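Open the model in your viewer and keep the selection tool at hand. This tour moves from one selection to the next.

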Amino acid sequence: MSEARANPPGVRFLPNAITVLAMCAGLSAVQFALNQQLEGAIAAVAVAALLDALDGRIARLLDATSRMGAELDSLSDAMSFGVAPALTLYAWQLAGNRVGWVVALIFAVCMILRLARFNTLLDDGDQPPFSKEFFVGVPAPAAGLLALLPIVLTAAVGGQGWWSSQPVVMVWMIAIAALAVSRVPTLSLKTVKVPAKLIAPLLVVVAVLAAGIVTYPLLSLTVVLVGYLVHVPYAAYRHRWLANHPEVWEFPPRERRAMRRSQRRLGLRPPLRRRVAGAARRVRLPRRGGDRDGENRRSYRNLGLRHRSK
């Protein structure tokens with residue numbers, strides 16, 4: 001069977017069409033912001049992020065990956081999560097502010113630089129084996145949504161507050177742009193493997209999250225974005241631990257966690273000085289330099305016997 005027959009033109013067209021739809025959705029956020037339709041702007045960028053997560057996976061499932069698709073995906077991410085959030089925030093709160101326009105330009109440029117670095121790291125063969133489990137910096141879809149957090153809070157509360165003031169919005173955009181171009185590691189969901197015993201609880205969490213999105217979409221999005229920010233210190237700690245322990249690189253994440261816990265116990269807990277499992281839990285060692293006769297008196301008292309003094 002020929003390659004053309006295995007991959008018909010319509011199948012190869014589908015991932016690129018999804019990428020173009022993602023770009024259109026992202027740019028539509030600017031139009032919603034100009035009309036002061038904040039919920040529409042948020043939804044447009046969220047749809048762009050969802051479509052961006054689907055196009056690459058669909059291309060790999062259909063064996064329809066191509067160089068053109070990769071370049072188109074990068075351009076779409078630059079427009080949807082760099083240019084669109086910058087213009088949306090500028091049209092919403094920073095219009096007429098020259099410093100605000102400079103901040104919008106800085107945000108868009110930082111997102112484009114972040115995507116350019118991501119493309120160069122794909123061809124870097126000198127990365128350690130565990131590097132595929134992390135992103136370098138905050139990925140573009142997450143950064144685009146995080147930049148819109150002031151708009152999300154304004155739409156959720158139904159009014160403006162300190163988070164929507166021009167100085168706060170500009171500082172927030174600079175902070176998210178810095179996280180995007182930084183080398184701070186963040187977890188990649190592409191390599192996360194869920195153990196079999198956690199599938200059922202995870203499905204319950206997904207159901208609760210879906211119910212929250214349907215009932216309180218803006219509040220749920222706020223919780224998700226804040227939770228993503230909270231995970232960054234953990235990702236940095238995990239990356240640093242793996243970089244300092246090359247002997248565990250070939251092991252799966254589950255075994256790495258067991259090794260990390262065992263090393264933490266060995267490094268921080270003195271042996272036989274705290275609770276341990278089994279009969280050793282009842283062992284009590286005499287204190288160094290302590291009164292041995294006092295220890296004997298306490299043991300006799302616990303047994304209900306009278307200690308005979310010397």
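Begin with the record. The UniProt annotation "transmembrane region", from an unreviewed entry, covers residues 12-34, 74-93, 99-122, 134-157, 163-182 and 219-237. Keep in mind that what you see is a predicted model.

**Two annotated stretches**

Select residues 134-157. Here the chain is 71% helix and 12% strand. The C-alpha atoms at the two ends lie 34 Å apart.

Now select residues 163-182. This stretch is 80% helix and 0% strand. Its end C-alpha atoms are 24 Å apart.

**The whole chain**

Zoom out and colour by secondary structure. The protein chain has 12 helices and two strands. Follow the elements from the N terminus: they run α-α-α-α-α-β-α-α-α-β-α-α-α-α.

Next, colour by burial. Of the 310 residues in the protein chain, 34% count as buried. Then turn to contacts. Take those in the protein chain with a separation of 6 or more: 75% of them come from residues 24 or more positions apart.

**First stop: H3 and H6**

Two packed helices are described by the angle between their axes and the distance between the axes. Use both to read the next pairs.

Select helix H3, residues 38-61. Add helix H6, residues 140-147. How do the axes of H3 and H6 cross? They come within 10 Å and cross at roughly 170°. Angles over 145 degrees count as roughly antiparallel, so H3 is roughly antiparallel to H6.

Show side chains at the contact. H3 brings Val45, Ala46, Ala49 and Asp52. H6 brings Pro141, Gly144 and Leu145. By type, the residues of this contact of H3 with H6 divide into five nonpolar, one polar and one charged.

**Second stop: H3 and H7**

Keep H3 selected. Swap H6 for helix H7, residues 149-157. The axes of H3 and H7 come within 9 Å and cross at roughly 135°. That angle makes H3 oblique to H7. Which hand does the crossing of H3 and H7 have, left or right? The crossing is left-handed.

Which residues of H3 and H7 meet? On the H3 side, look for Leu38, Glu39 and Ile42. On the H7 side, find Ile151, Val152, Thr154 and Ala155. The residues of the contact of H3 with H7 divide into five nonpolar, one polar and one charged.

**Last view**

Show H3, H6 and H7 together. H3 is roughly antiparallel to H6, whereas H3 is oblique to H7.

Notes: Residues are numbered from 1 along each chain as its sequence is written. This is a predicted model: local features need pLDDT of at least 70, side-chain atom pairs count only at pLDDT 80 or more; totals for chains, interfaces and linings use all residues. Side-chain values use heavy atoms; hydrogens and water are left out. Axes are lines fitted to C-alpha atoms, for helices over the stretch in contact, and angles run from 0 to 180 degrees between N-to-C directions. Helices (H or I, at least four residues) and strands (E, at least two) are DSSP runs, numbered from the N terminus. Angles under 35 degrees count as roughly parallel, over 145 as roughly antiparallel, 65 to 115 as roughly perpendicular and the rest as oblique. A crossing is left-handed if the near helix is turned anticlockwise from the far one by less than a right angle, and right-handed if clockwise. Contact means heavy atoms within 4.5 Å. Ala, Val, Leu, Ile, Met, Phe, Trp, Tyr, Cys and Pro count as nonpolar, Asp, Glu, Lys and Arg as charged, and the others, Gly among them, as polar. UniProt positions are given in the numbering used here, feature names are shortened, and annotations may be inferred rather than shown by experiment. Buried means under 20% relative accessible area, exposed over 50%, partly exposed in between (1.4 Å probe, protein chains only).
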